Amino acid sequence: MLPVLTAIGSMACVVALGWVIQRTGLLAGRGLPRGIARDRAGDGGAGARQTLATLSFTICAPALMFSTLASTDLAHVLSRGAAVTWITTAVLGLATAAAARWLLRLPAGPAAVTTLAAVYVNGGNIGLPLAVYLFDDALAVVPTLLFQLLVLAPLTLSALDRATATADGGTPARSGWRSMGQVFLAAFRNPITLGTVAGLLVAVVAELTGARLPDVVLLPFDLIGAAAPPLGLLTFGMTLAVPMPAADADLGVAAGRGRRLVGWVIAIAVLVRNLLHPLAAWALGSAVGLDAPALALVVTMAALPTAVNVTTYATRYGVFDGVAARATVWTTALCMPVLVAIGALLV
């Protein structure tokens with residue numbers, strides 16, 4: 001498990017740097033030499049944090065997903081293991097959304113972030129190293145990434161689009177078929193979804209014709225996309241340095257109830273990520289007859305912690321970003337004993 005520990009340790013260093021940047025006010029201008037333009041908003045670097053999140057969200061992450069999927073072998077998407085990943089993620093995502101909306105009575109925006117925190121996993125920064133070092137197959141994480149970016153991200157981000165538009169005085173979408181159409185249109189206006197769909201279309205054309213994009217075409221996307229993980233980690237660290245209010249402003253409830261709701265949200269994310277999802281993947285994978293290597297791979301991918309992208313998305317929309325960051329910290333810290341147990345029992 002040394003490669004896993006190395007990967008997580010490297011991520012922790014970048015997160016710590018983001019925390020230091022926010023705490024010192026470096027990007028707000030306080031750490032710059034005299035005469036250099038400073039942040040005049042007096043927001044302690046909140047504008048810089050938002051800018052980094054937006055840059056990752058609208059430019060770097062779409063480029064990364066396009067370059068990754070454009071060179072993907074689609075055979076990885078059509079396996080029984082992929083089906084296990086999709087089914088367990090969908091079931092747990094629906095259950096989490098229902099619990100957040102109707103049991104905790106969260107507004108639509110916080111409920112969407114809660115759902116992402118529970119089922120949107122860190123496939124890039126932790127999943128890829130695990131796939132390479134444990135299974136010698138970097139594309140093993142592709143089914144997880146595809147489901148997240150073609151199903152989870154469009155649905156939850158369109159919910160965030162609608163929630164923030166309503167909060168800003170916009171008009172909610174109408175009910176019925178027109179409302180459903182607006183949801184899907186909003187989803188596919190999302191930059192990350194567009195990059196993912198474009199990359200998938202290139203992969204489909206390559207599969208049908210045998211003609212793949214040359215490396216020289218993908219190189220600029222690789223270069224820009226390489227900035228997405230560190231930018232996400234820096235944003236994550238900066239968010240951790242921002243004090244979380246006792247009652248989150250998104251909830252509009254009394255301080256005591258706000259603290260309890262935030263605690264429940266984090267507890268749900270930990271329960272799903274570190275226990276329920278690996279168990280569900282093991283149970284369904286065993287039931288459909290996956291062999292030992294395939295079962296170990298599916299369960300390992302299901303045990304990944306919450307993705308840093310969740311904090312990036314939440315920061316981009318200004319909804320529940322502090323809660324998303326803390327859920328990511330807890331699930332990342334607790335995933336290590338879970339991954340060690342999976343490695344000892346299944347790998």
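Visitor: Exposed means over 50% relative accessible area, buried means under 20%, and partly exposed lies in between. With that in mind, is Arg 105 buried or exposed?

Guide: This is a predicted model, and in it Arg 105 counts as exposed because its relative accessible area is 63%, which is over the 50% cut-off.

Visitor: Where does Arg 105 sit?

Guide: Arg 105 belongs to the loop that runs between H3 and H4, and its phi is positive, at about 60 degrees, although the residue is not a glycine.

Visitor: Why point out the sign of phi?

Guide: Because most residues other than glycine have a negative phi. Phe 320 is another non-glycine residue with a positive phi of about 60 degrees, and its place is the loop between H13 and helix H14, which covers 321-345.

Visitor: And is Phe 320 buried or exposed?

Guide: Phe 320 is buried, since its relative accessible area is 1% and the cut-off for buried is under 20%.

Visitor: Back to that earlier loop. How do the axes of H3 and H4 cross?

Guide: The axes of H3 and H4 come within 9 Å and cross at roughly 145 degrees, and H3 passes H4 in a right-handed crossing.

Visitor: Which residues make that contact?

Guide: On the H3 side the contact is made by Thr 89, Leu 92, Gly 93, Thr 96, Ala 97, Ala 100 and Arg 101, while H4 contributes Ala 108, Ala 111, Thr 114, Thr 115, Ala 118 and Val 119. By class, the residues of this contact divide into 7 nonpolar, 5 polar and 1 charged.

Visitor: Tell me about Ala 97. How accessible is it?

Guide: Ala 97, which is found in helix H3 (residues 80-103), is partly exposed because its relative accessible area of 28% falls between the 20% and 50% cut-offs. Its C-alpha atom is 9.8 Å from that of Thr 156, and the two residues are 59 apart in sequence.

Visitor: What about H4 and H13, how do their axes cross?

Guide: The axes of helix H4 (residues 108-119) and helix H13 (residues 308-317) come within 9 Å and cross at roughly 165 degrees, which makes H4 roughly antiparallel to H13, and the crossing of H4 past H13 is right-handed.

Visitor: Which residues meet there?

Guide: Val 113, Leu 116 and Ala 117 of H4 meet Val 310, Tyr 313 and Ala 314 of H13, and by class this contact has 6 nonpolar residues, with no polar and no charged ones.

Visitor: New topic: Phe 135. Is it buried or exposed?

Guide: Phe 135 is buried, because its relative accessible area of 18% is under the 20% cut-off. The residue lies in helix H5 (residues 123-135), and its C-alpha atom is separated by 9.4 Å from that of Ala 294, which is 159 residues away along the chain.

Visitor: Stepping back, how many helices and strands are there?

Guide: The protein chain has 14 helices and 0 strands. Of its 347 residues, 47% are buried, and among contacts between residues at least 6 apart in sequence, 79% join residues at least 24 apart.

Visitor: And what does the chain expose?

Guide: The protein chain exposes about 15,900 Å², and carbon and sulfur atoms supply 69% of that area.

Note on methods: Residues are numbered from 1 along each chain as its sequence is written. This is a predicted model: local features need pLDDT of at least 70, side-chain atom pairs count only at pLDDT 80 or more; totals for chains, interfaces and linings use all residues. Side-chain values use heavy atoms; hydrogens and water are left out. Helices (H or I, at least four residues) and strands (E, at least two) are DSSP runs, numbered from the N terminus. Buried means under 20% relative accessible area, exposed over 50%, partly exposed in between (1.4 Å probe, protein chains only). Axes are lines fitted to C-alpha atoms, for helices over the stretch in contact, and angles run from 0 to 180 degrees between N-to-C directions. Angles under 35 degrees count as roughly parallel, over 145 as roughly antiparallel, 65 to 115 as roughly perpendicular and the rest as oblique. A crossing is left-handed if the near helix is turned anticlockwise from the far one by less than a right angle, and right-handed if clockwise. Contact means heavy atoms within 4.5 Å. Ala, Val, Leu, Ile, Met, Phe, Trp, Tyr, Cys and Pro count as nonpolar, Asp, Glu, Lys and Arg as charged, and the others, Gly among them, as polar. Accessible areas come from the Shrake-Rupley method with a 1.4 Å probe; for residues, only the protein chains shown count as cover.
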